[in-house]
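The following note sets out numbered remarks on the model for a colleague at the bench. Please read them alongside the sequence and the coordinates.

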Amino acid sequence: MKFPTAFDVIVIGGGHAGVEAALASARVGASTLLLTQAIETIGQMSCNPAIGGIGKSHLVREIDALGGVMATAADKAGIHFRILNNSKGPAVRATRVQADRVLYRNAIRQAVERQSNLSVFQDMMVDLTLQSDRICSVSTRLGMEIEARAVVLTTGTFLGGRIFVGREQHAGGRAGDPASVELAEKLRSLPLAAGRLKTGTPPRIDGSTVDFSKLEEQPGDEPRPVMSFLGTREMHPRQVSCHITHTNVRTHDIIRRALDQSPMFTGEIEGVGPRYCPSIEDKVVRFAERDQHQIFVEPEGLETTELYPNGISTSLPFDAQYEAVRSIRGFENAQITRPGYAIEYDFFDPRGLLPSLETKNIENLFFAGQINGTTGYEEAAAQGLVAGLNAARKSAGLAAWVPQRHEAYIGVLIDDLTTMGANEPYRMFTSRAEYRLRLRQDNADLRLTPIGRELGLVPDDRFKVFTTRSKKLEACNEALSRTTIRLNSDMANKLSKASGERLSKDIPLLDFVKRPAVRAEHLTSAGVFANTDESYLAQALIDVKYDGYLRRQDQAIARAKDQMSIRLPDELNFREIDGLSNELREKLEHVQPRTLGNAASIPGMTPAALSLLSVYAKRYSGLRKTA
Amino acid sequence: MSETICAVATPPGRGGIGIVRISGSACQRVARELLGFIPSPRTAIHTDFCAPDGETLDSGIALYFPSPASYTGEDVLELQGHGSPIALERIVGCILDQGVRLANPGEFTERAFRNDKLDLAQAEAVADLIASGSAEAGRAATRSLTGEFSLRIRELDQRVLKLRMFIESAIDFAEEEIDFLGDTEQQSRLDEMRSLVEALIDRSTAGLTMQIGLDVAIAGAPNVGKSSLLNRLLGEDRAIVTATAGTTRDTLHGDLSLDGLPVRLTDTAGLHASDDPIELMGMERAQTALSTADCVLWVIDDADENLSTPDMYRGKTLVVRNKCDLTGNTPGAVGKTEFRTCALTGAGLSDVCEGLKQVAGFRAGTDAFAGRPRHIAALKRVDDALSQAAKELSVREGELVAENLRVAHESLGEIVGITTSDDLLGEIFSTFCIGK
Ligand SMILES: Nc1nc2c(ncn2[C@@H]2O[C@H](COP(=O)(O)OP(=O)(O)O)[C@@H](O)[C@H]2O)c(=O)[nH]1
Ligand SMILES: [Mg+2]
């Protein structure tokens, strides 16, 4: 049966990638359908109930700056807020929110329901129809055929999902949800390179059976930060604490004894798990010298006592999980509400994607989220936004838009995925961003909201807030560069007193604030910027402080742009290039870089090899012209 | 499949032994043709080398290295004969008849590099070896070839990686219970790395100078003995020497080797006030020579009281107080950059030569690397970045320490190949227990 309406864009899946994809597509004006297995689980946090963290909150702020929903939902659902790396430089400062699962889901669902151009339909996609390598419709379990100009697939861990608890295993998506087996088979039959990855979760615990007096309390930060550029503290619900406990030698003994029952060690799981998120059995084996491991005890919500003990993800059999949990301080009488499990799922090599996240082999089909080998809500949401936007643009006959590495963490994410692929579930870290000093939380809106507005992603209300903010910042910058501190003036004396920095001659204020000891509050307390909001001043000072570094990076960016503009011809045969080492040749064949810039990011690449490539690229295009 | 190549591998005109090397898929055919059999791999066999008509051309050792365990990675056949030029030529001639072609200079190495037998730094060192004129530069090139330069750079690269691992994990995994490095430890590691880099820069610069040599201009007032110095240093009468001021009107060159360090001497017209148009032109040329020289020998009369030092030039200036026989002062070094000489007898000149070697960063016999300009430039960027990192560390700006180390690592990568952030993360994950 044909679905009564056709759409510009269909988004499959209502997780974090699917939601941002559907919203972005609808925001820019495409008629969009969100097709999900269960409307109740739209915006569900299937792993731990936290949003943000180092590197990840950078993504969240960028999604926010482009009109996405993740940050505001986190503000509406956040029950515990912290600034991470507060003692470190502004570029690496991050925000982390513990969210109430129910409130978060509600906030997301509300945003989806209120979005114009967006319809929701509950059914399961089982098939797709191609017309000469171009997708034209999807079919559902109920026998519906829905036509669309473009389709975004965001099926998360549901694709061919297998769940492991000890030697028990069964097909399934996240606990409780069915796996998409038919779709997985269908996709595996397409010209896409599939692989298996693995991830895990810890057992959940009933908080009413936990002795909190034995745990270390970790309250949220005061003053409490917000996640969104539109966020206010008034949006936040009641706040609660997190707690910390540790495993101990006994826990490790129990785990060691049960290893022969662990599917990870018996070889039943073939997928590769993330190195930065190992299971507790992995940690105990690989770091045998440690006699304890930290556990963050995260509340699942305000209305539930269930806890998420972050740090003991496991696929051990239930009896071992039970015993291990009870060996932990504060958990002596703990009841497990849901066992931990490992889940193995299909993903497709993201090197088969264009930077727009459209698959290279099937036109108008876009992939976003875990299907591309990433992990994390934030990474998924970021891809969702890009895929949704570009699916809508493609359906309208417009060129794709993708941020570059120096413009956004989103750009780093997409470039890494599409050029390096994913050997393990890919997670964002700030160390992945070579332009880290400019890709900050505080300036995500300055970097992206103007272009987002142009693309149609940023609605009026958000843009108004942005305009006000950027005007104030501009005024602040101007005042900073206009002012000179006169020796022995009232201002000079007050500033010296506040900062402890001496002055020996008249100096521009801009030079004075470059001194490491000088901070925004010194200026305000000295009355220099008495009627400027300190947060604006603080932000203006960041650019001043990083100035020399940012300028050096500008040069690197210009260089990279040059390299990016040198396209390597598709027909270029790396085997034919004399002077390349076999190792590099293999890597190049594997990565198939599209530009010299892509090639430059390949591990082990040398300037000599790059100059060889550019010579060949030039020679090749020369040949083509004369031919 | 590339063509089979062949060449005489020993220097021409050297008696005793002559080696013909063949690389490529035609080796077996050549062996059957010239030896009558294929020698067993990597075994020295004494045999006759014969022409197709059966005539014995020479006899000696045959060595066969099947691919890939050979210098070039291809099949390699080596014929070591007695080295008479005529015999070698006839052997090569017979081989060329087998559809083999003569190798271009450096082609064996190029193939070795292409087949992963050498890394880039080693291959470049071989190129230097081939191009190097002097024995000393040859030795420096050999050291890089055996991988010492690569080894040192890699060692440095590892150190930077390790330190970055700590600093980056303190940023990205601030919440984890891992042992971060204290500031003092970071500082001392930075200091260590800096002294390593600086030593590498010195050694590479020395190696580079050994190849390209030192450009030295002799300058000063007329009649102080500049041309006499040139002649003495060259050991020949290159320049006309007279008691008349203004004898040298044009620049004159002479090449000299100081223990293998190539030195190019330029004698210049005396600098003084004049309105003779020919002298003025000569002085203009002198100024050009001075501004481009690596080193200026500024000659004055030892009797001269007011020591008029020259303007600042690009190169280093050594002051030579000549005619010390007339003042009765002892010839020799007065300070690090000042010498007394007598150009008539040559007294004190050996000290001037030592001074020139100093300027070139010459290191006696042993530990220079065949540095390439781009290696040295990259190492200097590493040094700058490390010193900047140390500065930021002292004001406790962790992310800026990290930024400088990233730049240092990137510059090293220009020599040994880049380390990606993913490699760095891999190092972190394999060292620390990270993750919730
Ligand atoms: N006694 C003495 N005479 C010297 C010495 N060096 C050069 N002369 C003489 O000084 C005169 C000028 O020398 P010349 O090399 O032409 O000087 P230039 O004009 O600087 O090139 C000649 O007569 C030389 O023989 C020295 O060390 N001792
Ligand atoms: Mg003269």
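1. In this predicted model, strand 10 (residues 162-165) and strand 19 (residues 341-348) of chain A pair in the antiparallel sense, with 3 bridges between them. Within this pairing, Phe164(A) has Ala342(A) of strand 19 as its bridge partner.

2. Strands 10 and 19 belong to an open sheet of 4 strands in chain A, whose order is 11-10-19-12 and whose pairing is antiparallel. The edges are formed by strand 11 (168-171) and strand 12 (194-201) of chain A, each of which pairs on one side only. From one strand to the next, the twist averages 25°.

3. Which helix packs on this sheet, touching strand 12 and strand 19 of chain A? Helix 5 of chain A, residues 181-188, does so. The direction of helix 5 makes about 35° with that of strand 19 of chain A.

4. Chain A also contains an open sheet of 3 strands in the order 3-5-4, again with antiparallel pairing. Strand 3 (50-52) and strand 4 (78-84) of chain A stand at its edges; each has a single partner strand, so one side of each is left without a neighbour in the sheet. Neighbouring strands here are turned against each other by 20° on average, direction ignored.

5. The pairing of strand 3 with strand 5 (residues 94-99) of chain A is antiparallel and comprises 3 bridges. At this pairing Gly52(A) stands opposite Arg96(A), a residue of strand 5.

6. The next remarks concern the ligand. Ligand 1 is surrounded by 17 residues, and the closest are Asn223(B), Lys226(B), Ser227(B), Ser228(B) and Ala343(B). How many of the surrounding residues are nonpolar, polar and charged? The shell divides into 8 nonpolar, 6 polar and 3 charged residues.

7. Oxygen atoms of ligand 1 take part in several polar contacts with chain B. A polar side-chain atom of Ser228(B) lies 2.5 Å from an oxygen atom of the ligand, and an N or O atom in the side chain of Ser227(B) is 2.9 Å from a ligand oxygen. In the case of Ala343(B), a backbone N or O atom lies 2.8 Å from an oxygen atom of ligand 1. Taken alone, ligand 1 exposes 580 Å², of which the protein buries 88%.

8. Two or more residues of the shell around ligand 1 come from each of helix 8 (226-234) and helix 10 (324-327) of chain B. Helix 8 of chain B provides the largest share, 3 residues.

9. Cis peptide bonds deserve a check against the coordinates. In chain A, the bond from Glu222(A) to Pro223(A) is cis, with omega near -5°. Pro223(A) is placed in the loop between strand 14 (216-218) and strand 15 (242-246) of chain A. In chain B, Ser67(B) and Pro68(B) are joined by a cis peptide bond with omega about 0°. Pro68(B) is found in the loop between strand 4 (56-65) and strand 5 (76-81) of chain B.

10. A final remark concerns backbone geometry. Although Asn117(A) is not a glycine, its phi is positive, at about 70°. Where does Asn117(A) lie? Its place is in the loop between helix 4 (101-114) and strand 6 (118-122) of chain A.

Notes. Residues are numbered from 1 along each chain as its sequence is written. Chains are lettered from A and ligands numbered from 1 in the order in which they are written. This is a predicted model: local features need pLDDT of at least 70, side-chain atom pairs count only at pLDDT 80 or more; totals for chains, interfaces and linings use all residues. Side-chain values use heavy atoms; hydrogens and water are left out. Two strands pair if DSSP finds at least two bridges between them. Axes are lines fitted to C-alpha atoms, for helices over the stretch in contact, and angles run from 0 to 180 degrees between N-to-C directions. Contact means heavy atoms within 4.5 Å. A residue is near a molecule or strand if one of its heavy atoms lies within 4 Å of it. A polar contact is a pair of N or O atoms within 3.5 Å; within protein, one must be able to donate a hydrogen and the other to accept it, and residues adjacent in sequence count only if both atoms are side-chain atoms. Accessible areas come from the Shrake-Rupley method with a 1.4 Å probe; for residues, only the protein chains shown count as cover. Ala, Val, Leu, Ile, Met, Phe, Trp, Tyr, Cys and Pro count as nonpolar, Asp, Glu, Lys and Arg as charged, and the others, Gly among them, as polar.
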